[in-house]
Amino acid sequence: MTASTAAAPTQTSPRRGKIRRALTADWAARITFYVAVLVGWQLLAWQVARMPAPWETLDFLFRELTGGSQGGVVTGVFWDHFLVTVQRFSIGLVVGFVIGVILGIGIGTFRFVKSLLNDIMLVFLALPAVIWAFLTVMWFGLGWEAPVYTVILASFPFVAVNVAQGVRAVSPELHDMSDAFRIPRQRRLRHLMLPAISGYLFTGLRFAVIIGWNAVLLAEWFGSTNGVGWRARFWYDAARYRGFLGWVIVFIIFIFLLDGFVMRPLQRRAFRWRRDRDGGGDGDGTELTIDNVVVMGV
Amino acid sequence: MATLTVKDLTKTFPAVGKGGQPVKAIGGISFEMSGQVFVSLVGPSGCGKSTLLNIVSGVDTPTSGSVAVTHDGRPAHLGYVFQDPRLLPWRTVIQNMRYVSDLEEDEARANARRYLDMVGLAHAEDMYPGQLSGGMQQRVGIARAFSVGPDLLLMDEPFSHLDAITARSLREQLQEMWNETKKTVLFVTHDVMEAVQLSNRIITLAHGGTLFDDTPIDLPFPRKASDPEFAQHQARLLGRFEDMEAERSTASRSN
Amino acid sequence: MIPAATESTVPRSAASHDWRRSAGLVIGWVGFLALWAFTSTVILDEFTLPGPAKVAAAMWEIVIEGRFADDFAASISKTFIGFGLGASIGAPVGYAMGRSRYWKAFFHDGVVGAGSIPGITYAVLALVVFGTGYLGPVIAVGLISMPFIALSVAEGVEGVDPNLVRMATAFRRSDSQISRHVMLPSIMPFVFAGVRLAFAIAWKVEALTEVFGSSNGVGFQIRFAFQSFSITNVLAWTLLFIIFMLVIERGLAVIERRIFKWRTWEQTA
């Protein structure tokens, strides 16, 4: 057997080849995986008493959406909590993004600002969102402030660091070329600076979205009276684990949808000029590499 | 068409780091060129060719002396072609052409298309630089420089990063465009053969940025490398290079 | 005699840059601490925002009394074990993904999905399944580090230069020799980079899991401080946590540079 890297499709007789291709097609492989996950979940539910089964969780979620009671507790309040959380998340995200962009431009443009703020930014990057959740709850109590500020504090360093990178990425060669052709300032800003930065802006925004969503949940879990995080905790404290798991799933689905259907396509579009001539390896930020699998655990 | 006048030009770079020496890139050059001429600037590495081009284009400033680029008395319009294409990677070919143009939208497009056509890339106008080969990108760079309608065209070793075959075809294309548009061209190269092929005047610089040689080449275009007179010019120039090396080594031995 | 210039760059004075850089660093940190102290004593009060001195004192106490050692040891051991668990699953998965297109597609969504699931989710799942205790954080760490290990190994395996493998085959090297001398060194840098990243994340997830439901470890201490409403202790434990993390990160970076010296030349080539 010779050593080889990623295997090419094997040669078989035409009819067998067709069946085999159908079974091993990418989409079939993915579906197989999801089925495996569901089966695994169900198995786990049978094994572990506290683990709710897929069906139970689904049923519960349905009731949270529509109404009726769950062991004496009023349900049907899905939208109340969900929208509150989304609202807090959005506000915090916008503010965190703006702050991050401003700081990022400063750090990227001025060497002095960079030496001033860079290390501090690294420390802020390293601070887990849960710490901000604790601090803001202790400072601001159980209102809307804690979740919003947690989002801001947790997300802005990621934006800043990425924007700073983007600013630094505008190559001096292209600047020289613009000098040689005497390009006016405004045109330079629009066609040279902005597009160079926009890719990094997107990466920063994507990180901010994921961290921010995490953050709002943590803040609500530890110190709110409504919202997705609070509701999840509510069910957990009541030992109603299907409720708890159900809300966690809502939380996950939201971010998957947001990231998969909004953020990634936008990022791909922003980076479409990076594609190779041969069309292989997009370079648009969505291949299966470490750098592109966004870390939500951060 | 423009007039370029360089008078007693020097350029010294300040010292770098502790204990460094100031670096004299250009040590007093004077020459003049005007009209439909293709002037090549040749010389060994470190003789100040690129620095001179930077100063002429205004990207850098002289330490002393003067450089004047005029067209009918007023400051001239410049075009620049670099060693690497320097296209905005996030803009399509035609958008890159429009980036350097001061014309109105429709005029700019039409103008751009005209020059892209001249380099044979009219079909590529909506492609991104990343989708083009090195030679194609460089062609766009050339079309871009021509398209701003410059009076003086500056070219800094534009073919040095390309393979021999692509370089050859681009040289031919450049020659045709020069014939058609009648520009003043200052062309920097380290390749003597390229200089003899393209130019009607060759200026040679020595180490330390001084003028070493200034020769007109009177052969008719297009030129063939197999032509004996071509070979003569080339041999002569290479001989001058050897003289230059000899002078340099005796000078350094006596120091 | 003044030497002639080289064509390429316009030289800039390097000395003045170092000066500005050091000044910036110093001013940055001093300024930050001063701002902190100012805010806590003048603008707010020492209870709301304990000043740097108070926090530093608390940190010192924690270290002196040995609580630091105990709890950090607990946390780090859970992290390591969980990490080992994740690696033992992630490495074979990654290897399969790197070698075979079928397995790549099969595991694709799972690995990417597992890597994108918030660490908080693992923390919380571990909570449901394992309750409070030792096993929860370990499993959570295993779950979150697995995708990263898998991806680095996959990247490494895919990145093996087929030309090198062919060369070795042409010289009649055996399969095990090829694995040892061509593939393994090729894969190692990727794996190491992945390990570094995964470890930083694992550490945080571990702490988070402890915050939710453990009875020892750094995370537990932080939650305890929160429940006791001691802002000072929350800050003290957090800073210790971060310092520790930065130290480990630096350590890993140094090791990486040592082992992979050959890469620096390759990268500049």
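Which element of chain C has the lowest mean pLDDT, and which the highest? In this predicted model, local features require pLDDT of at least 70 and side-chain atom pairs count only at pLDDT 80 or more, whereas totals for chains, interfaces and linings use all residues. Residues are numbered from 1 along each chain as its sequence is written, with chains lettered from A and ligands numbered from 1 in the order in which they are written.

Among the elements of chain C, helix H11 (residues 261–268) has the lowest mean pLDDT, 56, and helix H9 (residues 218–227) the highest, 89; pLDDT is the predictor's confidence in each residue, from 0 to 100, and helices are DSSP runs of H or I with at least four residues, numbered from the N terminus. For chain C the mean pLDDT is 78, with 88% of its residues at 70 or more. Over residues 1–14 of chain C, pLDDT stays under 50. The model scores ipTM 0.76 and pTM 0.69.

The contact between chains A and B draws 17 residues from chain A and 16 residues from chain B, two residues being in contact if their C-beta atoms, placed from the backbone, lie within 7 Å. On the side of chain A that touches chain B, helices H8 (172–180) and H9 (185–223) of chain A each supply at least two residues. H8(A) gives the most to this side, with six residues.

The largest nonpolar core (buried Ala, Val, Leu, Ile, Met, Phe, Trp, Tyr and Cys residues joined through C-beta atoms within 7 Å; buried denotes 20 or more other C-beta atoms within 10 Å of a residue's own) has 130 residues. Helix H8 (residues 175–213) of chain C gives the most to this core, with 19 residues.

Key: A residue is buried if 20 or more other C-beta atoms lie within 10 Å of its own, exposed if 12 or fewer, and partly exposed in between; C-beta atoms are placed from the backbone.
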